[in-house]
Amino acid sequence: MRRTLILLAFLCIIVGTATSQVRFGIKGGANLSELYFKSSGFESKHCIGFFAGPTVRIPFRGTALSVDLSALYDQRRVEVEDRGETVRHFIFPLNLRCSFGLGRLIDLFLFAGPQVAFKFDNGLSSDFVHNKWDWRSSSFSANFGAGLSLGRNVDFSLGYNLALGKTGRLSSSRYAGDYSNADVRANAWHAGLTVYL
């Protein structure tokens, strides 16, 4: 909760110092999930998911800096020991962006910033007797990456989402009643397309 309030306060400061040339758009793309465990012995697979939702870009007057704030539906697939789980979140990334002109129609940009995620459904789920997942109802992470702007209305981006703390907990067993436990950090690569209105 404290992290969410800090993020909202930071956004208010940004809006107060930015120009009125706000750009609204739609963002969507694919993600490739990665799971990291504090204890060894679990084997996870990279799985493809997706995200989509509205976004707003707020530029700073007279600089190459701007901020992007999005409200996205994010769905990821995770697999451990050949057993899978679909995880759904509402995510709110807030990225600081710096652009570099490469020509009249193409800009390169770098971005980084925090992200808050809220789980869409309940936190506890199971996959037969093999895997029991206990996902946190909210989590905090960081984004960083780069992209290209084509004209004024289209952005392509490639980035990485790094979990800053435990995302959940996995109890897994090949036999019922004999579980081993591990804290999970769910990271992801993400490739996105943004179209501004």
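The following legends describe close-up views of a predicted model.

**View 1. Asn143 and its polar partners in strand β10**
Asn143 belongs to strand β10, which spans residues 138-150. With a relative accessible area of 4%, Asn143 is buried, because the limit for that class is under 20%. The side chain of Asn143 makes polar contacts with two other side chains: that of Gln115 at 2.9 Å, and that of Asn161 at 3.0 Å.

**View 2. The surroundings of Asn143**
Leaving aside residues up to four places away in sequence, Asn143 touches Pro93, Asn95, Phe111, Ala112, Gly113, Pro114, Gln115, Tyr160, Asn161 and His190. Among these, Gln115 and Asn161 are also the polar partners named in the previous view.

**View 3. Asn95 in strand β6**
Asn95 lies in strand β6, formed by residues 83-101. Asn95 is likewise buried, and its relative accessible area is 7%. Beyond residues up to four places away in sequence, the contacts of Asn95 are Ser66, Val67, Asp68, Phe111, Ala112, Gly113 and Asn143. To the backbone nitrogen of Gly113, the side chain of Asn95 reaches at 3.4 Å. Asn95 and Asn143 are 48 residues apart along the chain, and 7.4 Å separates their C-alpha atoms.

**View 4. The largest cavity**
The structure contains 2 cavities of 30 Å³ or more. The largest cavity holds about 290 Å³ of space. Its lining consists of 23 residues, and those nearest its centre are Lys27, Phe51, Pro93, Asn95 and His190. Two or more lining residues come from each of β1 (23-37), β5 (72-80), β6, β7 (106-119), β11 (154-163) and β13 (180-196). Strand β13 gives the largest share, 5 residues. By class, the lining of the largest cavity comprises 8 nonpolar, 9 polar and 6 charged residues. Asn95, shown in the previous view within strand β6, is thus seen here among the residues nearest the centre of the largest cavity.

**View 5. The second largest cavity**
About 180 Å³ of space is found in the second largest cavity. Of the 18 residues that line the second largest cavity, Arg76, His89, Ser139, Thr167 and Ala186 lie nearest its centre. At least two lining residues are supplied by each of β5, β6, β7, β10, β11 and β13; one of these, β10, is the strand that holds Asn143. The lining of the second largest cavity has 8 nonpolar, 8 polar and 2 charged residues.

Key: Residues numbered from 1 in each chain as written. Predicted model: local features only at pLDDT ≥ 70, side-chain atom pairs only at ≥ 80, totals over all residues. Heavy atoms only, no water. Helix = DSSP H or I, 4+ residues; strand = E, 2+ residues; numbered from the N terminus. Buried < 20%, exposed > 50% of the residue type's maximum accessible area, 1.4 Å probe, protein only. Polar contact = N/O pair within 3.5 Å; in protein donor to acceptor, adjacent residues only side chain to side chain. Contact = heavy atoms within 4.5 Å. 1 Å grid on protein atoms, 1.4 Å probe; cavity = no way out; pocket = protein on both sides within 12 Å on 5 of 7 lines; lining within 4 Å. Points joined across faces, edges and corners; volume = space filled by probe spheres on them. Nonpolar A, V, L, I, M, F, W, Y, C, P; charged D, E, K, R; others polar.
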